[in-house]
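Please find below my notes on this model, set out as numbered points for discussion. They deal with the covalent links, then the charged pairs, then the nonpolar interior.

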Amino acid sequence: MRVKNVLACSMILCSGFTITAPAEATPECTTGVKVIKPVVLEDPGRWTYTFDLSWCADDGTIRWAEPSVTARVHSPACRWAGRIEESLTKTPDSEAWSAFDMSEFSCQDGGGKEHGVNPWVVVNFHPTGAYETSSDITA
């Protein structure tokens, strides 16, 4: 019976289905989770990139931070190449942290030539819940 189950699972995996583990739960935060207003960058009608960040600080110290990216492609001429660079670092001589993400989208022009662009975001965030963002799209 075990061999049949393994074969059945193998057939399902080979046919394009994937099995994923449940997402990890967000760690507890006794002082309340802090969040940024999502940063949205887009090429209207082609793609949209959204960066979110949540974090927890207890006793004036950031305990954890969780960045996330949502990429949406709206045109068959475009594709998301993925997150190409990301970091989460404590700022030296400060209680602040910095989150950085750069992703890549590639779209074909009318002649079929691909052109890549890189939406990026930097968020400097503090235990108090204050934060500053900068973002842009570079070719």
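1. A disulfide is taken here as a pair of cysteine sulfur atoms within 2.5 Å, and by this rule the count comes to two disulfides. The model is a predicted one, in which local features need pLDDT of at least 70 and side-chain atom pairs count only at pLDDT 80 or more, while totals for chains, interfaces and linings use all residues. Residues are numbered from 1 along each chain as its sequence is written, and side-chain values use heavy atoms, with hydrogens and water left out.

2. In one of the disulfides, Cys-78 is joined to Cys-107, with the sulfur atoms 2.0 Å apart, and the link is right-handed, with 110 degrees about the S-S bond. The pair links distant parts of the chain, since Cys-78 belongs to strand E5 and Cys-107 to strand E6, 29 residues apart; strands (E, at least two residues) and helices (H or I, at least four) are DSSP runs numbered from the N terminus. Both Cys-78 and Cys-107 are buried, where buried means under 20% relative accessible area, exposed over 50%, and partly exposed in between, with a 1.4 Å probe and protein chains only.

3. The other disulfide is formed by Cys-29 and Cys-56, whose sulfur atoms are 2.0 Å apart; the torsion about its S-S bond is about 85 degrees, so this disulfide is right-handed. Because Cys-29 lies in the loop between helix H1 (2-14) and strand E1 (34-35), and Cys-56 in strand E3 (residues 47-58), the pair ties together parts that are 27 residues apart in sequence. Cys-29 and Cys-56 are buried, and when the bonded cysteines of the protein are numbered in sequence order, the pairing reads 1-2, 3-4.

4. Turning to charged pairs, a search of the whole structure finds four salt bridges, each defined as a side-chain nitrogen of Lys or Arg within 4 Å of a carboxyl oxygen of Asp or Glu. One of them joins the side chains of Arg-46 and Asp-43 at 3.5 Å, N to O. Arg-46 is partly exposed at 28% relative accessibility, and Asp-43 is likewise partly exposed at 29%.

5. Which residues are linked with Arg-83 in a network of salt bridges? They are Glu-86 and Asp-101: Arg-83 meets Glu-86 at 3.3 Å, N to O, and Asp-101 meets Arg-83 at 2.6 Å, N to O. The pair of Asp-101 and Arg-83 links distant parts of the chain, with Asp-101 in strand E6 (residues 97-108) and Arg-83 in strand E5 (residues 78-90), 18 residues apart. Asp-101 counts as buried at 0% relative accessibility, whereas Arg-83 is partly exposed at 31% and Glu-86 is partly exposed at 48%.

6. The largest nonpolar core, meaning a set of buried Ala, Val, Leu, Ile, Met, Phe, Trp, Tyr and Cys residues joined through side-chain atoms within 4.5 Å, has 18 residues, of which Ile-36, Tyr-49, Phe-51, Leu-53, Val-121, Val-123 and Phe-125 touch the most other members. Strand E2 (39-43), E3, strand E4 (61-73), E6 and strand E7 (114-125) each give two or more residues to this core, and the largest share, six residues, comes from E3.

7. Not counting residues up to four places away in sequence, Val-123 touches Ile-36, Phe-51, Leu-53, Trp-97, Ser-98, Ala-99, Tyr-131, Glu-132 and Thr-133, contact being heavy atoms within 4.5 Å.
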